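I opened this notebook to record what I looked up about pockets and about helix packing.

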Amino acid sequence: MKKISFLLLVFLTLSCKSTYLDTKKSPVLLDINKETDDNAFVNLKNYSNDFVFDMKYATTDNFLNEKVYPCDECFLRVKTVKSLLEANKAFLDKGYKIKLYDCYRPIAIQKQMWKIVPNPTYVANPKKGSIHNKGGAVDITLVDSEGNELNMGTKFDFFGEEASHNYSNHSEEILANRKLLKEIMLQHNFKSFDSEWWHYNLKNSAADKVSNQKWRCED
C-alpha cells in the first residue's frame, strides 16, 4: 500500500511539472520545420532573432495595470510559429519586422481580463476561451529598420472604434500601415479580428483546445 501511494505521489508530481512550458533557451536557433508535432507549444525566441518583443502583460503597461505574466516569453503552437516566421520574412523584405505584444495566454489570465472588461467585443469570455488561450493568436505591430513602430492610429489594447479595421477616419499613412500589416498576415494563413487592428488568429486554430499551461522564469 505504501509503495502504491509513493508511486502515485511521484506520478502526480511529474504530472504537475509537465504542465509547465520549458523556458530554457537554445544556444543556437532551431529549425521549426524539424518539429514533428504541429500542436506542441514552443518558444518563438528559439527559432528566430528577427522579431521584437514587447510583451505587455509581463509589465504593468497594459489595461490591467498590473503584471500578470511571470516574464516576457512568447509561446505558440508549432503551426502558428511556422506561419508567423513566413509572414515576418515577407515584412523583412520590405524593411520591416513584427513586434509582438502578446502570444499564448493561459486561461487563468483570460479570467482576470474578463473580470476587468467583461465585453466579448474586446475580451473573449473564458467560459469559451480565446484563440490566445489555444496558442493560435498573436497581438502585433510593425517596426521599421530603426525599431520605430509604424503609426497604426491607436495604441495596443485601445478599446474604441478607432482600433477597428472598419474605421476609415484615419490619415492615409495610418490606413496604409494597417493595410500592409493585414495583407501580409492574411497571405500567410492568418485571419484578422475586426475590432482590433493588432490581433491575428491562425486559420482553423479555433478547433484547438484551450490550455492553462504556465511557465517558470529562468533565474
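The entries below cover the pockets and then one helix pair.

I note that this is a predicted model, in which local features need pLDDT of at least 70, side-chain atom pairs count only at pLDDT 80 or more, and totals for chains, interfaces and linings use all residues. Residues are numbered from 1 along each chain as its sequence is written, and side-chain values use heavy atoms, with hydrogens and water left out.

**Pockets.** I looked up the largest pocket (an open set of points on a 1 Å grid over the protein atoms alone, where a 1.4 Å probe fits, with protein on both sides within 12 Å along at least five of seven lines), and its volume is about 550 Å³. The lining (residues with an atom within 4 Å of a point) has 31 residues, and Ala124, Ser130, Ile131, Phe193 and Asn201 are the closest to the centre. I find that the largest share of this lining, five residues, comes from strand S8. The second largest pocket has a volume of about 260 Å³, and among its 17 lining residues Lys56, Tyr101, Lys155, Phe156 and Asp157 lie nearest its centre.

**Helix pair.** I then followed helix H2 (residues 78–93) and helix H4 (residues 172–187), whose axes (lines fitted to C-alpha atoms over the stretch in contact) come within 9 Å and cross at roughly 135°. That makes H2 oblique to H4, oblique being what remains outside under 35 degrees, over 145 and 65 to 115. The contact (heavy atoms within 4.5 Å) is made by Leu84, Ala87, Ala90 and Phe91 of H2 with Leu180, Leu181, Ile184 and Met185 of H4.

Notes
Points joined across faces, edges and corners; volume = space filled by probe spheres on them. Helix = DSSP H or I, 4+ residues; strand = E, 2+ residues; numbered from the N terminus. Axes fitted to C-alpha atoms, helices over the stretch in contact; angles between N-to-C directions.
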